[in-house]
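Student: I have a model open and want to read its fold from strand pairing and burial. Can we go through it step by step?

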Amino acid sequence: MTELIVNQMQLSDIDMVWQIEKQSNRFPWTKGNFEDCFKSGYRTFLYSTGSDLIGYSVVQSVLDEVHLLNICVKPGYQGKGFGRQILSHVVDISMQQSAAIIVLEVRASNFRAQQLYLSIGFNEMSVRRGYYPAEQGREDGVLMGLELGMLSQLGQNLL
């Protein structure tokens, strides 16, 4: 498998990132959402194969908790293990900062992403009713968490 190159996202990268966001999501973040991430001091990462930007992640750290706000793999690269590599990077940086838990929300209809998160050790914590916009009204979000203390105690790399 191709090893990903990780770089910090810069404000000048937002146009490229936003193109991937629009291609990948029916209800994409706006450019303003990404700009706000920089204003708020969130950690933003780009992942490439060297020649092509294939994905990104946005994480917020609050005390000992990391909130994975956005993770995306460009269409055409999906289903090839890159999402797992990006998630592995998020877990690694979270453990380096001694975070206790990573939390995220995922659409209830996004079974593929849920299966990835479950395979790594995330658990469903609760359901947030009407969390996401949908074609007809709102869609539930599934709140998932990965307790990093348990992961390090196991001494296993589940990724």
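Tutor: Start with one term: two strands pair if DSSP finds at least two bridges between them. Keep in mind that this model is predicted.

Student: In what order do the strands of the open sheet lie?
Tutor: The sheet is open and has 7 strands. Its pairing is mixed. The order is E1-E2-E3-E4-E5-E7-E6.

Student: Which are the edge strands?
Tutor: An edge strand of this sheet pairs on one side only. That holds for strand E1 (5–8) and strand E6 (123–133).

Student: By how many degrees are neighbouring strands of this sheet turned against each other on average?
Tutor: Direction is ignored for this angle. The average is 25 degrees.

Student: Which residue in E3 is the bridge partner of Arg 43?
Tutor: E2 and E3 run antiparallel, joined by 6 bridges. Arg 43 has its partner in E3. That partner is Val 59.

Student: Which residue in E4 does Val 59 stand opposite?
Tutor: E3 and E4 also have a joint register: 8 bridges, antiparallel. Opposite Val 59 in E4 stands Leu 68.

Student: And what is the bridge partner of Leu 68 in E5?
Tutor: Here the sense is parallel, with 4 bridges between E4 and E5. Leu 68 is bridged to Leu 104.

Student: Which residue takes a positive phi in the hairpin of E3 and E4?
Tutor: The hairpin of E3 and E4 has 2 residues between the strands. The phi is near 55 degrees. The residue is Leu 63.

Student: Why is E3 called largely enclosed by the rest of the structure?
Tutor: Buried means under 20% relative accessible area. E3 is largely enclosed because its buried residues number 7 of the 10.

Student: Over what arc do the buried residues of H4 spread around the axis?
Tutor: The buried residues of helix H4 (residues 111–120) are Ala 113, Gln 114, Tyr 117 and Ile 120. They sit on the same side of H4, because the arc they cover is only 130 degrees. An α-helix has 3.6 residues a turn, so residues three or four places apart point the same way. The arc asked for is 130 degrees.

Student: Which exposed residues does the face of H4 turned away from its buried side carry?
Tutor: The buried side has cover that includes E4, helix H3 (82–96), E5 and E7. The face turned away carries Phe 111, Arg 112 and Gln 115.

Student: At about what angle does H3 run to E4?
Tutor: H3 lies across E1, E2, E3, E4, E5 and E7. Its angle to E4 is about 160 degrees.

Definitions and conventions. Residues are numbered from 1 along each chain as its sequence is written. This is a predicted model: local features need pLDDT of at least 70, side-chain atom pairs count only at pLDDT 80 or more; totals for chains, interfaces and linings use all residues. Side-chain values use heavy atoms; hydrogens and water are left out. Buried means under 20% relative accessible area, exposed over 50%, partly exposed in between (1.4 Å probe, protein chains only). The arc is that of the directions from the helix axis to the C-beta atoms. Contact means heavy atoms within 4.5 Å. Axes are lines fitted to C-alpha atoms, for helices over the stretch in contact, and angles run from 0 to 180 degrees between N-to-C directions.
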